[in-house]
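This report looks at the spaces inside and along the surface of one protein model, and then at a single residue. Please keep the sequence and the 3D view at hand while reading.

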Amino acid sequence: MKSLKSLIIFILLSLPQFSSSQAAILAMIFGDKVASENFNLSMEIGIPFNSFSNLENSKIKSGINFGIAGNIKLSDNWFVSPTAYFLSSRTATLSSASLNSDDAYLNTLYTGVPANYKLNYIDVNALIAYQPNGSNFRFGLSPQISFLNKAKATYEGAEGEFTQNIKSFTNKTDYGMIANLGYFFKAGHQGKGIIMNVRYYQGFSDVFKDSFASGTNRSSYFAVHLSLPFITDELAQKNLDEVELEKNKP
């Protein structure tokens, strides 16, 4: 467990967004100390495969998200997880795009060239999940609102790469819904548990302003997501005992 924590902390320290990841590091250090049977913190790590609707000549690209969640057990079957992803990266690669700037000469140099868009958000959601009796599967839904942090476009022309800050062309918020299917590995993480999630997000608002991309351009992604709970050693041992009991049932 200590080696896993050390590895993840090292990765977070290596990120340029370190200032926004401090809360996640604190959650890893102190998460076990605030855990109870009905509440715990968890590290959330995922890889979304994102696309934008009606963005011509684009293809699906993978990004990354990480953050922390507070997991509340409402009953034996119902759970709620208020979550903040401090880094939610959504990207798109375009085979043909044109620079939109105040410099007419630059615009001519970067017209109809390959480009990469990268948008970084802070995502906030509250996943409500249901786990049937005797099952390790969890089914969840959540609204999500995303706050734009950074947005840039990199164009590849004959003169080399040109990177443009496109935050002024991008709407400040994005909102939509998440559908989630999770599977709880009770014995994983040394008994602290691992939840493997497959989720789909559909945005309901336009990502870019009309001056940058005409028509609807909504974000959607399919994601593979891991939730690593931080609970007490006593609760972890209880999980391991329950797993062993299930194995030994006739």
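## The second largest pocket

The second largest pocket is lined by N54, L55, E56, L94, S96, A97, S98, N100, Y117, F212, A213 and S214, and, in this predicted model, its volume comes to about 210 Å³. Strand β4, which spans residues 78-97, makes the greatest contribution to the lining of this second largest pocket, supplying three residues. Sorted by chemical character, the lining of the second largest pocket consists of six nonpolar residues, five polar ones and one charged.

## The largest pocket

The largest pocket encloses about 1000 Å³ of space. It is lined by 36 residues, and those closest to its centre are R138, F184, K186, N239 and E242.

Several elements take part in this lining, with at least two residues coming from each of β1 (39-52), β3, β4, β8, β10 and α4 (233-247). Among the contributors, α4 provides the largest share of the lining of the largest pocket, namely seven residues. By character, the lining of the largest pocket is made up of 14 nonpolar, 13 polar and nine charged residues.

## The cavity

How many cavities of 30 Å³ or more does the structure hold? There is one of that size, and the volume of the largest cavity is about 190 Å³. Its lining is formed by 18 residues, of which N71, S81, L127, N197 and R199 are placed nearest the centre of the cavity.

The lining of the largest cavity draws at least two residues from each of the strands β3 (64-73), β4 (78-97), β5 (113-130), β8 (173-185), β9 (194-206) and β10 (218-230). When the lining residues of the largest cavity are divided by character, nine are polar, six are nonpolar and three are charged.

## A closer look at Q164

Q164 is located in strand β7, which covers residues 160-165. Is Q164 buried or exposed? With a relative accessibility of 9%, Q164 counts as buried, because the cut-off for a buried residue is under 20% relative accessible area.

When neighbours within four places in sequence are set aside, the residues in contact with Q164 are L99, N100, S101, A151, K152, A153, Y155 and F169. One of these contacts, N100, also appears in the lining of the second largest pocket, and that residue links this last section to the pocket described at the start.

How values were computed:
Residues numbered from 1 in each chain as written. Predicted model: local features only at pLDDT ≥ 70, side-chain atom pairs only at ≥ 80, totals over all residues. Heavy atoms only, no water. 1 Å grid on protein atoms, 1.4 Å probe; cavity = no way out; pocket = protein on both sides within 12 Å on 5 of 7 lines; lining within 4 Å. Points joined across faces, edges and corners; volume = space filled by probe spheres on them. Helix = DSSP H or I, 4+ residues; strand = E, 2+ residues; numbered from the N terminus. Nonpolar A, V, L, I, M, F, W, Y, C, P; charged D, E, K, R; others polar. Buried < 20%, exposed > 50% of the residue type's maximum accessible area, 1.4 Å probe, protein only. Contact = heavy atoms within 4.5 Å.
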